[in-house]
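This briefing is intended for use alongside the sequence and the three-dimensional view. The topics follow in turn, from the surface to the interior.

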Amino acid sequence: MRKTAFITVTNEMAQSLLTITEIIDWVEQTYNWYSQGKIVMPSKITTDISKFNIPTWINAMPSFVEPTQTLGIKWAGGFTENTRRGGPYIRSTILINDPFSGDLIAVLEGEWISDIRTGAQTAVAAKYLANPSPKILAVIGAGIQGIATALCLAKLFDFEEIRICDIKNSALVNFIGRVSPEVKCPVVACNSNKDAVNEADIIVTATAADTVLVKNEWVKPGALVSSIGSYQELDEKLVLAADKLVVDHLEQNLHRGEFFKLFQKGTLKTTDIHAELGEITSGKKPGRESDKERIVVSPIGMGCLDIAVAGLLLAKIQGRKTLYSAL
């Protein structure tokens, strides 16, 4: 018999029940599970309706996380009209189903989960790929994903300074207002990307831009650069000169994200990619091996992270270890 009731979870509920640290740990565990073959995750499918003069794209991101028996899909995309109306650019909904019956278990507002797990991606990458005790964090892009990434990184590292650069002054003010109360170091607005990046140990680009935001000559030896946008944000020379290139999911990086154009042109080949993040977190491949290595990582997002975090949240709500009964 089909169930008619399902749990609904708001962003506010998710934020009240899960900590950023829990999500970082769970994202790392999920990378391990993916590398160990314990997750089924087709590549995301994008529905782009901009050709009809509607500036919208939306991704379907299904996944099954076997260790927690969590089956679901994130339905998330960018809605340009919202930025003019004062709403969020990214909107997200997560659906969780019983893997045995197909019954709908829960519908979750997915914005907070999506934002924090996006920040957690770079935090986990930095745990393995950044030099120990980084002092300066530079974030290019003061939107919600830039904020989330700064907050996640600040849970792992005691920075001496966090720098932020954005073309919108209102975004800079919002970033500083959101991040400053949560960290122990100064949060400084910079006049240029070059100023922000200078001598930075960790550099994050978190924008919707498809243009060079960080040049090769600005980045010091030993820096970690994380490009989390959907398009190319880094100087091609910086990517090609990197000592290691790392992705979260190779197949998806062939079709979008920082390395897409380089793959398309043939200047970058799959053999140039050192590892997927899960291979590094699970110990199959090494992370940073020298304090002079410049490493570029492109964590463009995996649906299994959202589904795994949603499963963790629902298990908390229900007081259970997993979300189903095999009986």
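Isoleucine 317 is partly exposed, with a relative accessible area of 33%. The residue belongs to helix H12, which spans residues 303-318. The model described here is predicted. A search of the whole structure returns 14 salt bridges and 0 disulfides.

**Surface positions**

- Isoleucine 317 contributes to a nonpolar surface patch together with Met13 and Leu17, and the three residues jointly present about 200 Å² of accessible area.
- Proline 88 occupies the loop between helix H3 (80-85) and strand S6 (90-97).
- The relative accessibility of proline 88 is 42%, and the residue therefore counts as partly exposed.
- Between the C-alpha atoms of proline 88 and phenylalanine 157 there is a separation of 29 Å, with the two positions 69 residues apart along the chain.

**The parallel sheet**

- An open sheet is formed by 8 strands, arranged in the order S10-S9-S8-S11-S12-S15-S13-S14 with parallel pairing.
- Strand S10 (187-189) and strand S14 (275-276) each have a single partner strand and stand at the edges, so one side of each has no neighbour in the sheet.
- Strand S8 (residues 136-140) pairs with S9 in the parallel sense, through 5 bridges.
- Within that pairing, isoleucine 136 has glutamate 161 of S9 as its bridge partner.
- Strand S9 (residues 161-165) is mostly covered, as 4 of its 5 residues are buried.
- S13 and S15 also run parallel and are joined by 4 bridges.
- Lysine 244 has isoleucine 295 as its bridge partner in S15.

**Salt bridges around lysine 244**

- Side chains of opposite charge can pair when their charged atoms come close.
- Lysine 244 forms a salt bridge with glutamate 289, and the closest N and O atoms of this pair are 2.8 Å apart.
- This contact links distant parts of the chain, 45 residues apart: lysine 244 lies in strand S13 (residues 244-247), and glutamate 289 in the loop between helix H11 (277-281) and strand S15 (295-298).
- Lysine 244 is buried at a relative accessible area of 5%, whereas glutamate 289 is exposed at 57%.
- Glutamate 293 also forms a salt bridge with lysine 244, with 2.4 Å between the closest N and O atoms.
- Glutamate 293 lies in the loop between H11 and S15 while lysine 244 is in strand S13, so this pair ties together parts that are 49 residues apart in sequence.
- Both glutamate 293 and lysine 244 are buried.

**Other salt bridges**

- Aspartate 210 forms a salt bridge with lysine 261, the closest N and O atoms lying 3.0 Å apart.
- The two residues of this pair are 51 residues apart and come from distant parts of the chain: aspartate 210 is in the loop between strand S11 (202-205) and strand S12 (224-227), and lysine 261 is in helix H10 (residues 260-265).
- Aspartate 210 is partly exposed at 42% relative accessibility, and lysine 261 is partly exposed with a relative accessible area of 33%.
- A network of salt bridges links Lys74, Arg117 and Asp306.

**Cysteines**

- The structure holds 0 disulfides.
- Cysteine 165 is in no disulfide, and the nearest cysteine sulfur, that of cysteine 190, is 6.3 Å away; a disulfide requires the two sulfur atoms to be within 2.5 Å.
- Cysteine 165 has a relative accessible area of 6% and is therefore buried.
- Cysteine 304 is likewise in no disulfide; its nearest cysteine sulfur belongs to cysteine 152, at 16 Å.
- Cysteine 304 counts as buried because its relative accessibility is 0%, the limit for buried being under 20%.

**Helix H4**

- Helix H4 (residues 111-129) has 19 residues and reaches 27 Å from its first C-alpha to its last, close to the 27 Å expected at 1.5 Å a residue.
- Of the 19 residues of H4, 17 are buried, so the helix is largely enclosed by the rest of the structure.

How values were computed:
Residues numbered from 1 in each chain as written. Predicted model: local features only at pLDDT ≥ 70, side-chain atom pairs only at ≥ 80, totals over all residues. Heavy atoms only, no water. Expected span 1.5 Å × (residues − 1). Buried < 20%, exposed > 50% of the residue type's maximum accessible area, 1.4 Å probe, protein only. Salt bridge = Lys/Arg side-chain N within 4 Å of Asp/Glu carboxyl O. Patch = residues over 30% accessible without salt bridge, like charges linked within 9 Å, V, L, I, M, F, W, Y side chains within 5 Å. Areas by Shrake-Rupley, 256 points an atom, 1.4 Å probe, with all protein chains shown as cover. Pairing = 2+ DSSP bridges.
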